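Colleague: I have a few labels to check with you. Let us take them one at a time.

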Amino acid sequence: MSATAQAPASLPVAAPRRGSLPPGPGGPALWQFLQMAERPLEKLLGWHARYGDCFTVSWPVFGTGVYVADPQAIRALHTGDQSDLRAGEANAPLGMMLGERSVLVLDGPEHLRQRRLLLPPFQGSAVGAFRAVIRDVAEREVARWRPGDRLVLRERMRELTFEVIARACFGVEQSVRIEQLRRALTAVIDCQYMGLLPRPMQRDLGRLSPWGAFQARLRAADDMLFEEIARRRDAPDLDERTDVLSLLLRARDEDGEPMTDRELRDELVTMLVAGHETTSTALAFAFDLLYRHPAVLARLRDELTGDDDRYLDAVVTETLRLRPIIDANQRKLTQPRVVAGWELPAGTTVLPSIAVVQRREDLYPRAGAFRPERFLDGKTESYAWLPFGGGIRRCIGAALAQAEMAEAIRTIVERTELRPLRPRPDPVVMRGITLIPRHGVAVEVARAA
Ligand code: HEM
């Protein structure tokens, strides 16, 4: 963060304020929620300006949460003893899709066990070896584009990133099956709003009922996944394979136990779902920013002719700062805890505010501007740049996502010329738990190699 000022000093030590939650916006919870859905960044930055580094919001269904935008308080939340901070419990609504054994919804020793099994294939060296596959997928995508084509980039990137994560999970040779699985899982993801249904409506009353239709889609995807797990378990080359499923099938925990089929299914769905929607949205934002900043785009093109990727990587880092995909990670307190000078009661959901911290002027001068050069030294501070969350829950796919973004941007910028179809940048809106460009970033292909 070369152009970045020092992080502000930690809050003065004072007796914690007890007995009340930090201030925050009033009014009906539903109204607040709707405003947040339509203008999330403006609302969060506005509340921060008005109420300070800690503010309380209440949403229907999700309940009350306390946003924290003080980097030192976030550092404290992400380091040291975290046994009273339950991310899995806070993520519980995702369990209906990801399954109860998903690393995202587990806590404590069970979470750590699953996380240790999952980490190796997503570490830097493994991802480095996978870059050629990412480039191949991106090149085949771009080869289909013709001058005059109109594309919604988020949709195109969704297919690209699904193919990448599916190839990472299952291996590189199964195009037809990957496409079938993509369709089945996309149908499930499109039902993510089911978690918002009131409990009494979460009942399977046949395919015509919303919950019943969701369950049918889930079963269709699960059948394919269990079939794939069974086929792979019997594969004669299982011991030589390097895809995630094969590694997980061979993995043993500290007691020498393999993962069950249910655990394998839940982790595969987690990787496939968490791994492609987020990355495709980040890519769509990257292009919206690049094509509206001609000087940045020109410099990127220029730098790509050499073999130094620093500017390309800085474009990725700056995109994730200015356009975070998740506005805040979440932790539920199991006991009272002092956070940024407030003693918050057990049961409170604490939300380290990724979106607000990354827009602090004291950390990022001209924070609202798209300036990749601020990251040219390649450094980021883990409590000030946190698009992937932090601590023992930091995103497992961070290295893969950044490699995907870099390789897709490289391929598309080198081989094509795109023109935005809308006069202004796509507004950022909140859908489900992610921030997305409202129109998906529509472009026209002006040149395609
Ligand atoms: C630009 C793309 C991505 C963004 C912005 C993103 C963001 C995040 C965030 C904010 C968290 C929560 C961290 C916390 O609670 O502190 C998370 C967790 C996670 N992400 Fe990602 N993610 C991305 C891509 C991926 C990819 C490609 C994968 C595939 C492997 C992935 C798999 C996961 C998993 C498994 C977790 C749960 C980790 C745990 O609970 O231990 N993500 N991600």
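Colleague: Which strands does helix 3 lie across?

Modeller: This is a predicted model, to begin with. Helix 3 (residues 71–78) lies across strand 2, strand 3, strand 5 (331–333) and strand 8 (349–352). Helix 3 runs at about 120° to strand 8.

Colleague: What makes strand 1 and strand 3 edge strands?

Modeller: Each pairs on one side only. The open sheet has five strands in the order 1-2-8-5-3, with mixed pairing.

Colleague: How do you know that strand 1 and strand 2 pair?

Modeller: Pairing needs at least two bridges. Six bridges join strand 1 to strand 2 (residues 63–68), so the two strands count as paired. They run antiparallel. One bridge partner is Tyr67 in strand 2, for Phe55. Helix 1 (residues 29–38) packs on the sheet, touching strand 1 and strand 2.

Colleague: Why are helix 10 and helix 12 called roughly perpendicular?

Modeller: Their axes come within 10 Å and cross at roughly 115°. The roughly perpendicular class covers 65 to 115 degrees, so the label applies to helix 10 and helix 12. The crossing is right-handed. Among the residues making the contact are Leu218 and Phe226 of helix 10, and Leu264 and Leu268 of helix 12. The contact residues divide into eight nonpolar, no polar and five charged.

Colleague: What makes Cys395 a donor to the iron atom of the ligand?

Modeller: A donor must be an N, O or S atom within 2.8 Å of this metal. Cys395 (SG) is 2.3 Å away, so Cys395 qualifies. Cys395 is the single donor from the protein. Cys395 lies in the loop between helix 15 (354–357) and helix 16 (398–415).

Conventions. Residues are numbered from 1 along each chain as its sequence is written. This is a predicted model: local features need pLDDT of at least 70, side-chain atom pairs count only at pLDDT 80 or more; totals for chains, interfaces and linings use all residues. Side-chain values use heavy atoms; hydrogens and water are left out. Axes are lines fitted to C-alpha atoms, for helices over the stretch in contact, and angles run from 0 to 180 degrees between N-to-C directions. Helices (H or I, at least four residues) and strands (E, at least two) are DSSP runs, numbered from the N terminus. Angles under 35 degrees count as roughly parallel, over 145 as roughly antiparallel, 65 to 115 as roughly perpendicular and the rest as oblique. A crossing is left-handed if the near helix is turned anticlockwise from the far one by less than a right angle, and right-handed if clockwise. Contact means heavy atoms within 4.5 Å. Ala, Val, Leu, Ile, Met, Phe, Trp, Tyr, Cys and Pro count as nonpolar, Asp, Glu, Lys and Arg as charged, and the others, Gly among them, as polar. Donors are N, O and S atoms within 2.8 Å of the metal (3.2 Å for Na, K and Ca); water is not among the atoms, so sites may look incomplete.
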